[in-house]
Amino acid sequence: MSNLPNCVKVCHNRTCKKQGADQVLAALKATPLDHVSIESCGCLGQCGNGPMILVLPGIFWYSHVKPQEVTKLIEQHLIGGEPVKKMLYLRFHSQDKSN
Ligand code: FES
């Protein structure tokens, strides 16, 4: 698929760190993919909903990501090109989640 993600940003600011961003980042980095860069980043402005992840391009937001959900995210979205609807951040994806 041509619009496969090529970048994943994991918020590594204070609130998301408290909510487990380190473990999520480690889980993502444990499965390196040639076509995707995994980066920690500063606050994504959605504190309290972390760990927050932003998948680009396309701009897909994931909230409250748990380390055990990372495999699903990798297989379905990063490799398969299909966002994991039930994990999307409702505030920005309310319509995407309902269909
Ligand atoms: S600390 Fe992660 S969104 Fe602000």
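A: Strands are DSSP runs of E with at least two residues, helices are runs of H or I with at least four, and both are numbered from the N terminus. With those labels you can place any residue in this model, which is a predicted one. Take Pro51: it sits in the loop between β2 and β3.

Q: Okay, Pro51 then. What kind of peptide bond joins Gly50 and Pro51?

A: Look at omega. The Gly50–Pro51 bond is cis, with omega at about -5°. Leu56 and Pro57 are also joined by a cis peptide bond, and omega there is about -5°. Pro57 belongs to the loop between β3 and β4, the latter being residues 60–62.

Q: Where is Ile59 found?

A: In the loop between β3 and β4. Here phi is the angle to read: for Ile59 it is near 60°, a positive value in a residue that isn't glycine. Ile59 counts as partly exposed because its relative accessibility is 48%, where partly exposed runs from 20% to 50%.

Q: And His64, what is its phi near?

A: Near 50°, again positive in a residue other than glycine. You'll find His64 in the loop between β4 and α3. At 39% relative accessibility, His64 is partly exposed.

Q: Let's move to helices. Which residues of α2 are buried?

A: Ala21, Val24, Leu25 and Leu28, in a helix that spans residues 21–29. Now check how they are spread around the axis: they cover an arc of only 100°, so they are on the same side of α2. Then ask what lies over them. The cover includes β1 (7–11), α1 (14–18), β2 (37–41), β3 (53–56) and α3.

Q: How are α2 and α3 placed, at what angle do their axes cross?

A: Read the distance and the angle together. The two axes come within 9 Å and cross at roughly 50°. That angle is why α2 is called oblique to α3. From α2 the contact uses Val24, Ala27 and Leu28, and from α3 it uses Val70, Leu73, Ile74 and Leu78. As for the hand, α2 passes α3 in a right-handed crossing.

Q: Is His77 buried or exposed?

A: Buried, since its relative accessible area is 2%, and the cut-off for buried is under 20%. His77 is part of α3, residues 70–79. Leaving out residues up to four places away in sequence, its contacts are Leu4, Pro5, Val55, Phe60, Tyr62, Lys72, Glu82 and Pro83.

Q: Compare that with Asp96. Which residues does Asp96 touch?

A: Lys85 and Leu88, with residues up to four places away in sequence not counted. Asp96 is in α4, residues 90–98, and is partly exposed at a relative accessible area of 32%. For a long-range check, take Val10: it is 86 residues from Asp96 along the chain, and their C-alpha atoms are 21 Å apart.

Q: Last one, aromatics. What describes a pair of aromatic rings?

A: The distance of the centres and the angle of the planes. The model has two aromatic pairs if centres must lie within 6.5 Å. One of them is Tyr89 with Phe92: 5.2 Å centre to centre with 85° between the planes, which makes it edge-to-face. Tyr89 is buried at 5% relative accessibility, whereas Phe92 is partly exposed at 36%. Together with Trp61, Tyr89 and Phe92 make up one aromatic cluster.

Technical notes
Residues numbered from 1 in each chain as written. Predicted model: local features only at pLDDT ≥ 70, side-chain atom pairs only at ≥ 80, totals over all residues. Heavy atoms only, no water. Phe/Tyr/Trp six-rings, centres within 6.5 Å; stacked < 30°, edge-to-face > 60°. Buried < 20%, exposed > 50% of the residue type's maximum accessible area, 1.4 Å probe, protein only. Contact = heavy atoms within 4.5 Å. Arc of directions from axis to C-beta. Axes fitted to C-alpha atoms, helices over the stretch in contact; angles between N-to-C directions. Parallel < 35°, antiparallel > 145°, perpendicular 65-115°, else oblique. Left-handed = near helix turned anticlockwise from the far one by under 90°.
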